[in-house]
Amino acid sequence: IATPHSHHAEHMKLCIEHGKPILCEKSFTANAKQAEEVLALAKEKGVYVAEAIWTRYMPSRKIIDDVIASGVIGKVNTLTANLSYDIDEVRRIWDPALAGGALLDIGVYGIHFAAMHFGTDYTRMESCVYKMETGMDGMETVTLFYPDGKMAVLTHSAYCRSDRKGIFHGDKGYMVVENINNPQSISVFDLNDKLIKYMDVPEQISGYEYQFSECIERIKAGKTESTSMPLDDSIFVMEVADTIRKQWGLMYPQEK
């Protein structure tokens, strides 16, 4: 399913009612309430449903986690990540009826990136927004604080092209991930900015193959959820997006 976020829930429910397995493009739904309804129906009908956020399924995810676990950059304190494209003229971004804005289109990548590598157990969140004339979010920053003193700072904009880097800052060095939307390479630097390790990610066909192969594997095994992208994590990301929008006072027409 790859339609505007505003229509995902109704299309998924239709598929579930007909027993059709689903791999649904991000963002999973327009809000957490819709995501919970889809999850409940999928469980009731025993149908496979997963969110197609490709970075969750890619080998780069484990490579990044392995570098952090190795201790080569020391105790990781801060994560910065950004994803911005010049897409403010695209209808799915500016149109409130399509649950528009940067957050659900590109912001979810930053939230997923933080959740994958820093976890879902955050204690506090602060965000700032610049709204478009239509009332949708054009650009924003989101900061997540974690109980162990870590902080993730995420930036997204529909007005410009960013470097799309994800950077992990530790007390012995830092790691740079090229393109959080589809990691291309991972570089590790010491405290003197000297490159100490460089890793290419495995060659890919399109990058989509990882989610497709897991989907096929899980369905064949009679499972109803993904291991890389469990539905609870999809709901978590939608809850974060809901909380952010609440801070901004931004509602979609279908929520009013």
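**Pocket and cavities**

Biologist: How do the residues of the lining of the largest pocket divide by type?

Modeller: The lining splits into three classes, with Ala, Val, Leu, Ile, Met, Phe, Trp, Tyr, Cys and Pro taken as nonpolar, Asp, Glu, Lys and Arg as charged, and the others, Gly among them, as polar. This is a predicted model, where local features need pLDDT of at least 70 and side-chain atom pairs 80 or more, while totals for chains, interfaces and linings use all residues. Numbering runs from 1 along each chain as written, and side-chain values use heavy atoms, without hydrogens or water. For the largest pocket, that's nine nonpolar, four polar and four charged.

Biologist: Which element gives the largest share of that pocket's lining?

Modeller: The pocket (an open set on a 1 Å grid, with protein on both sides within 12 Å along at least five of seven lines; lining atoms within 4 Å of a point) has 17 lining residues, with Glu-25, Lys-26, Arg-92, Asp-105 and Tyr-109 nearest its centre. Both α1 (5–17) and α5 supply at least two. With three residues, the largest share goes to α5.

Biologist: And what's the volume of the largest cavity?

Modeller: Searching the whole structure turns up three cavities of 30 Å³ or more, a cavity being points where a 1.4 Å probe fits but cannot get out. Thr-55, Arg-61, Phe-113 and His-117 are among the residues lining the largest one, and α3 (60–70) and α5 (102–118) each give two or more. Its lining has five nonpolar, three polar and one charged residue. Filled with probe spheres set on the points, the largest cavity comes to about 40 Å³.

Definitions and conventions
Helices (H or I, at least four residues) and strands (E, at least two) are DSSP runs, numbered from the N terminus.
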